[in-house]
Amino acid sequence: MRSMSEQAMHGLPQNIIEASDIQKSFKELQVLKGVSLTVTRGEVVAIIGPSGSGKSTFLRCLNRLETITRGQIVIEGEMLASTDAAGHCHYPSEKTCRQICARMGMVFQQFNLFPHRTVLGNLIEAPLTVSKMPRAAAIERARQLLAKVGLSDKADNYPSQLSGGQKQRVAIARALAMAPDIILFDEPTSALDPELTGEVLLTMRELAAEHLTMLVVTHEMSFAREVASRVIFMDQGEIVEQGPPEALFGAPQQPRTRAFLSNYLKALN
Amino acid sequence: MQYYLDVFWQILPGAWLTLQIFLITLVLSIPLGLACALLRLSRWQALAGATSTYIWLMRGTPLILQLLFIYYALPNIPYIGVRLDDYSSAILAFALNYAAYFAEIFRAGIQSIDRGQYEGARVLGMSYPQTMRRIILPQMIKRVLPPVSNETITLVKDTSIVYVLTMTELLRSARIIVQRDSTTSPFIVAAAFYLVMTLLLTWLFRWLEKRYAVYE
């Protein structure tokens with residue numbers, strides 16, 4: 001409710017994502033044990049943690065790729081998921097969910113480009129079918145975005161003709177084509193060969209410099225350290241520690257954070 | 001040689017009937033099959049179950065039996081019974097039967113598409129129908145071309161069973177001449193007709209596969 005009054009006062013809501021006490025179980029297994037996170041406009045939040053810590057699942061809950069078992073998700077002042085007193089979780093209609101989630105873009109580990117469409121076709125698909133943008137305008141915008149990610153010369157290529165790094169940059173441009181207020185990144189460099197991660201991270205740095213709000217699940221510690229405004233360490237389905245990167249990497253408070261970061265910090269020294 | 005040419009002209013009307021049954025069946029059974037595939041994948045269990053039963057019935061009984069049923073038994077069924085002529089009966093039986101086979105091909109094709117494609121479309125705000133029409137089905141078509149080509153070629157030859165309704169299609173018209181002239185040569189002409197039709201289909205599907213090979 002707080003977010004509603006804020007919206008009234010400032011016009012655009014400052015809080016893009018307000019997730020509280022998110023719980024998620026797959027059958028018996030509880031993957032998220034009450035995760036709360038608020039992301040405000042302009043923030044770059046990095047979520048780090050060991051495999052199986054639930055960080056990807058948490059990200060996927062935020063845009064309803066997974067439904068939560070309990071908790072509340074508010075996107076820019078609009079209720080995506082809520083839990084009643086009896087503990088039952090509710091979502092609005094499919095269409096409303098889609099409209100709420102449309103403000104969030106997402107970039108996947110496996111790119112999920114449409115193989116039967118050219119690069120340009122991938123970028124204009126949603127503007128044409130979802131936003132009903134005129135074709136010429138959609139193409140013009142797509143070309144601007146391709147220039148931005150440095151792939152103007154690949155507009156007419158099919159995804160199969162691109163390297164992994166190029167595919168991921170197309171995926172980022174495709175997400176940007178819908179002009180989202182935030183982009184969720186689900187381990188965007190984990191499927192890439194080491195020599196290809198750099199170009200994707202560079203693109204993401206440029207977006208951060210333009211104050212695009214980003215929530216990034218990543219294994220790239222140096223990216224989290226240098227680009228994020230806030231770093232969150234998750235382990236075993238909960239947030240263990242969070243703070244500005246200098247604090248989290250410089251002086252981690254929790255033993256679990258220290259243990260996780262020790263490998264990375266050792267390699268650095 | 002002149003004899004073969006004479007036979008050719010005498011068989012031609014039968015070949016035309018075969019071609020008609022073939023084309024109309026395709027035009028009806030492919031969309032019907034696609035609809036069945038989507039229904040089978042529906043979240044509504046009752047719809048999915050009913051479609052499964054339909055597919056089981058159609059694939060589980062001989063096409064000849066279905067043909068005879070529609071022509072001879074359907075008129076006697078209370079309320080829904082209608083009397084169809086031989087031509088309509090044949091078209092109906094073939095369309096219903098082939099739709100079941102196409103449905104299974106399409107279902108397998110749809111299910112072979114990576115889940116990431118649905119998610120990629122979903123996070124862009126696309127609805128399920130939009131995702132199906134623009135993302136999933138176009139990719140499905142490419143994957144099902146080989147089995148659809150198989151099924152289509154089988155259909156060319158299956159059309160000959162309409163002889164049980166004494167319809168004079170290609171093979172039956174050849175056999176009539178065989179009996180009249182006491183020579184098996186007309187069968188060779190009939191075989192040539194079938195082979196030409198299959199060859200054209202083979203070329204058509206080869207061209208389609210090449211066209212869809214632009215990506216991947």
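This is a short talk about chain B and its contact with chain A in a predicted model.

Hi everyone, thanks for coming. Please keep in mind throughout that we are looking at a prediction.

Let's begin with the fold of chain B. What does the secondary structure hold? There are eight helices and zero strands, so if you walk from the N terminus on, you read α-α-α-α-α-α-α-α. As for dimensions, the C-alpha trace of chain B spans about 70 × 50 × 20 Å along its principal axes.

Now to packing. Of the 216 residues in chain B, 45% are buried. Where do the contacts come from? Taking those with a separation of 6 or more, 74% join residues 24 or more positions apart.

Next, the surface. Chain B has an accessible surface of about 11500 Å², and carbon and sulfur atoms own 67% of that. For those of you thinking about electrostatics, chain B carries 18 positive and 12 negative side chains. The centres of these two sets lie 8 Å apart.

That brings me to the partner, chain A. How many residues does each chain give to the contact? Chain B puts in 21 and chain A puts in 24. Between them, the two chains bury about 2100 Å², with 59% of that area on carbon and sulfur atoms.

There is charge pairing here too: three salt bridges are counted between chain B and chain A. One salt bridge to pull up on your screen joins the side chains of B:Arg122 and A:Glu94, at 3.6 Å from N to O.

That's my tour, and I'm happy to chat about any of it.

Definitions and conventions. Residues numbered from 1 in each chain as written. Chains lettered and ligands numbered in written order. Predicted model: local features only at pLDDT ≥ 70, side-chain atom pairs only at ≥ 80, totals over all residues. Heavy atoms only, no water. Helix = DSSP H or I, 4+ residues; strand = E, 2+ residues; numbered from the N terminus. Buried < 20%, exposed > 50% of the residue type's maximum accessible area, 1.4 Å probe, protein only. Contact = heavy atoms within 4.5 Å. Areas by Shrake-Rupley, 256 points an atom, 1.4 Å probe, with all protein chains shown as cover. Lys, Arg positive; Asp, Glu negative; His and termini not counted. Charge placed at Lys NZ, Arg CZ, Asp CG, Glu CD. Buried area = accessible area lost by both parts, 1.4 Å probe. Salt bridge = Lys/Arg side-chain N within 4 Å of Asp/Glu carboxyl O.
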